[in-house]
Amino acid sequence: MSARMRAVVLALLAVAAVATTAGAAIASTPPDAGGDLVLAQGGETVRGVLRDGEGEPVPDVAISVATPDGEVVGETATDADGAWEVGLPAPGDYVVTLDAETLPEGVDLRDADRNPLEVTVRSAQNRTLIFALGEGAGGSRFLNSFLAQAVSGLRFGLIIAITAIGLSLIFGTTGLVNFAHGELVALGAIIAFFFNAPASVGGFGLTLILAGLIATVLSAAAGGAIELGLWRPLRKRRTGLIQMLVISIGLALLLRNALQVWFGGGSRPYYDYTIQQSLVFGPIRITPRDLIVMALATIVLVGVATMLQRTRIGKAMRAVSDNRDLAESSGIDVQRVILIIWVIGGGLAGFGGVLAGVVENVSYLMGFRLLLLMFAGVILGGLGTAYGAMFGSIVVGLITELSTLWFSTELKYVWALGVLILILLVRPQGLLGRAERIG
Amino acid sequence: MPETPAARVLADVEPRPGVPKPDPILVVDSVVRRFGGLKAVDVEHLEIQRGAITSLIGPNGAGKTTFFNLMTGFDRPDHGSWSFDGHDLSRVPAHQVANYGMVRTFQLTKALTRLTVIENMKLGATSQRGERFLPSLWPGVWRSQEREIEARADELLARFRMDHMRGELGGTLSGGQRKLLEMARALMVDPAMVMLDEPMAGVNPALTQSLLQHVKDLPGFGKTVLFVEHDMDVVMDISDWVVVMAQGRIISEGPPAAVAKDQAVIDAYLGADHGDESRFTPVSFEASAAAARRHDQEESA
Amino acid sequence: MDVDFTRVLVDGLRTGLGPVAAVYALAAIGLNVHYGYTGLLNFGQVGFMLVGAYGMGIAVSIHSLPLWLGIILGMLAAVALALLLGFPTLRLRADYLAICTIAAAEILRFVFRSSPMAEVTGGAFGIPSQVGGSGFSSGFYRLNPIPEGAYGIGPVMFSHTRLWMMLVAWLLVALAVVLVWALMRSPWGRVIKSIREDEDAARALGKNVFAYKMQSLVLGGVLGGVAGIVLVMNQGAMTPDQFLPQLTFFAYTVLLLGGAATVVGPVLGSILFWFILQAMDSLLRQTGFGSAALGAVRLAFVGLILILLMAFRPQGLLGNKQEMMLDA
Ligand SMILES: Nc1ncnc2c1ncn2[C@@H]1O[C@H](COP(=O)(O)OP(=O)(O)O)[C@@H](O)[C@H]1O
Ligand SMILES: [Mg+2]
């Protein structure tokens, strides 16, 4: 493994991280956020260092920074060390453009779609941006990026799967399409953030692992509390399913924005988070962080599957999901099973949120952005079946990330959602679901 | 034993499964519907005589409702073909089947809960000018037709003794009343053939008699009736012809008296004799009538 | 702390009667056709607003077509979306339809904001307002017959341009109300309502359920498209990211507040919704509440209204309690 390759991979990963951050930042702008949202304090900058594929600095490349409205706030060129920096008038959203014309011969942007970069700069932040450079198309470059995308697709799919199990089981047992499931994901991530943050910023300074554990437990409790405090009473009053669906949307709006008041509108990484050297397994490169995330996700998924398959409560869950009336008449305490599903589903959602926060960033909107992909995974697998949800979610994760090989990253969710609609066109009951009876 | 014109015509027909009829309105050929490994319907050949009352009987799970679903386009068979009044119906959508003149009711009633009884009825009428988007905006186009339809609906409601419920919402009716409404609404289509899926289930026994009389009158208006019924007394009373299904297949057909004596039929019912599934004997009829009464009281309570 | 309650009331009234309330009334009337009357759980109404707005904006601002043609094109875009969306989704169960429509609206937003589409749609920055009279809204304001000045009663005053905007917007609302009223009292409306109650029953009676659902989707979608056009006309500019899923949720809240399946419910709902929202805003601002959290508090409040409404008064203000209690 040459140092050059390693640098390329690092650069790629860093770009991916920045791009996802940027996407999150853009999406997280509140609808009526005016310029008055953040108080200007001064001292904000964006900066970076341009290096080519071999790690050599690239000087004299023009870079400009503009507001989302297109008003240019600063222009510069990289110096002899490849470094550049632009001062900003205030915190907020900016669009940073590298003038590809000014790149030297033989040096190109790795991914032309990642220029311009959209970033959110917080007050007093010096935001570092990476434009990944390299030379024009190489031989096995496609295979390499294919593998890289497949790995991150799998990682993403595993995270969706963990969060989607609860969604699917809740639908299977109560018929509720829970639009507020994403908020449990964000809740878990944000709780972990505060337990992880150092005491100086009002946190508890626990290690991320401990913080994640606490977050999982508290999300499980939140799931149980929502079931006991809201859904069970509503079911007792025989509230219709459509009504409950609308209520879940209301709950989602309430929780999501309560989280925003608590956490703020921006997106932040965990404090434990650091850029890591990637490990190399044959043609696949992966950071230890990602490896841990994927391993944890897989262990939990296998654990859930085993629980559903082997344990009494797991069998009871499947029985209630299969045929509620039959389960009830055969002596299963359906209400208790539903409560347990909410607790487990809530815990899994929170845990998935922590993983997603590790991989990307933590924001109050992260759950809602994941929600439609969860639905896609769950429907792909057939609503109400836990295995279907796992399978479908992984497919959705792969589609999302692999699509970036051919199409703009801005469109990566479009393909997953498009597949959802296509599947329903062919099989209205989902891939693994069953048809309904008429008459 | 009924002495209707149809019964006299059918008297000469040999009582065996799949036998041809002198003037069939519905002809079914090798229709098969599987659910996973289960062959819910497997009908080789069946003809339904025009203008007759034919009962379709069989134990629960025999495939009667599935057969109705297939014939009326609510479900698709794995293969097979059937024709109604000269129209090939394979792959014809459900609403088109109704427009050809074959209308069905549902075992689980579908009263339109937030429409009034009279609106439920008027919905049944076909070829309404006001049901098209643009013409609906100009009352002049449809008002006179609407009045005719309303008059016809009121007449039918009176016949079904539901005229006093005219302005009630469908959702406020009892289970038995919903059955009545659904049947009356089906007749608003003015169909050549009605397929009734357990129309008497849950209907108050006092009403059953008048309901039966309505069914008996239908051939007089040139209509064909195919209906599913579990109560053998009712079947004996009004059928011109009886078709017996078990495990998806037609195992017997013939005039009521002949079918009642058929050993294959008795075996089929005894074979399926667990729980309340067999209502073939008079004893279980009493029980089911009592159950129906209870059901009705609960519904209206 | 001094709270000026007249100010709160005036702020509430100005918004409750303003063009935005009319926009949401239009969008909610469209949803009423879909959900209230036909039972179609369309959660992608914002998608119709987006294509309506962009259809008009692209035609007028980018291709310099006349305004009237742009508006027609915007409405046609909504029709096209309804057809495109309807074919795969109208056969689905209500909950699948909800997920699919919200997904479709998000797909549209992602595509419209993506840089490969920037040539056609203006990308993430959308179609900005243009000074010098070449933007789409300047054509609209040129038609303003109202003499310059301020109009109103007491402290509730509107400028002549705002008044013109309001006049047109509420006129469109009135037209939509009359249209829905005329349709829903007709036999067409009867079929539509029967589909909401039980589409298999309607089918068994010979009604082409798919065709009716499609007509309903198109009609409600065009109303959504018109709402989108009015929305961006009022702003003078448009960006894809203003068409977030929560616009649809707002429209649902408006509809359910007024009463689904009632003719004027969406209108009353919208006026009340915006009155409450703006009055609350005004109150919080005056009590020195930090403006950063205000947007979030307002959205959380909408969520709370939605929950309480559905749990305790699902029929809304104008709906019939008895009808709501009936089980299918
Ligand atoms: N949608 C379906 N999926 C699976 N099995 C079905 C479905 N509909 C009917 N069946 C099965 O087909 C058989 C026939 O059912 P049905 O037609 O309802 O019987 P009947 O009306 O004679 O009581 C039964 O075993 C039933 O369980
Ligand atoms: Mg049946």
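This report covers the site of ligand 1, then a sheet and the domains of chain A. The model is predicted.

**Ligand 1**

Ligand 1 sits between chains A and B. Its surroundings comprise 13 residues. Those that come nearest are B:Gly61, B:Gly63, B:Lys64, B:Thr65 and B:Thr66.

Backbone atoms of chain B approach oxygen atoms of the ligand. The table gives three such pairs.

| Residue | Atom of the residue | Atom of ligand 1 | Distance |
|---|---|---|---|
| B:Gly61 | polar backbone atom | oxygen | 2.7 Å |
| B:Gly63 | backbone N or O | oxygen | 2.9 Å |
| B:Lys64 | polar backbone atom | oxygen | 2.8 Å |

On its own, ligand 1 exposes 570 Å². The protein buries 75% of that area.

Which elements give two or more residues to the shell around ligand 1? They are β2 (38–49) and α2 (64–71), both of chain B. Helix α2(B) gives the most, with three residues.

The shell can also be read by residue class. Five of its residues are nonpolar and five are polar. The other class, charged, has three residues.

**A sheet in chain A**

Chain A holds an open sheet of four strands. Their order is β3-β2-β5-β7, and the pairing is antiparallel. Strands of a sheet pair through backbone hydrogen bonds, in either the parallel or the antiparallel sense.

Which strands form the edges of this sheet? The edge strands are β3 (72–77) and β7 (117–121) of chain A. Each of the two pairs on one side only. From one strand to the next, the twist averages 25°.

The pairing of β5 and β7 can be followed further. Strand β5 of chain A spans residues 92–98. It pairs with β7(A) in the antiparallel sense, over five bridges. How does this look at the level of residues? A:Asp93 stands opposite A:Thr120, which belongs to β7(A).

**Domains of chain A**

Chain A is divided into two parts, domain 1 and domain 2. Domain 1 takes in residues 2–28 and 144–426. Domain 2 covers residues 45–129. What separates their C-alpha centres in space? The distance between the C-alpha centres of domain 1 and domain 2 of chain A is 33 Å.

**In brief**

Ligand 1 lies between chains A and B, and the protein buries 75% of the area it exposes when taken alone. In chain A, the four-stranded sheet is open and antiparallel, with β3 and β7 at its edges.

Technical notes: Residues numbered from 1 in each chain as written. Chains lettered and ligands numbered in written order. Predicted model: local features only at pLDDT ≥ 70, side-chain atom pairs only at ≥ 80, totals over all residues. Heavy atoms only, no water. Near = heavy atom within 4 Å. Polar contact = N/O pair within 3.5 Å; in protein donor to acceptor, adjacent residues only side chain to side chain. Areas by Shrake-Rupley, 256 points an atom, 1.4 Å probe, with all protein chains shown as cover. Nonpolar A, V, L, I, M, F, W, Y, C, P; charged D, E, K, R; others polar. Pairing = 2+ DSSP bridges. Axes fitted to C-alpha atoms, helices over the stretch in contact; angles between N-to-C directions. Domains from an automatic or database assignment.
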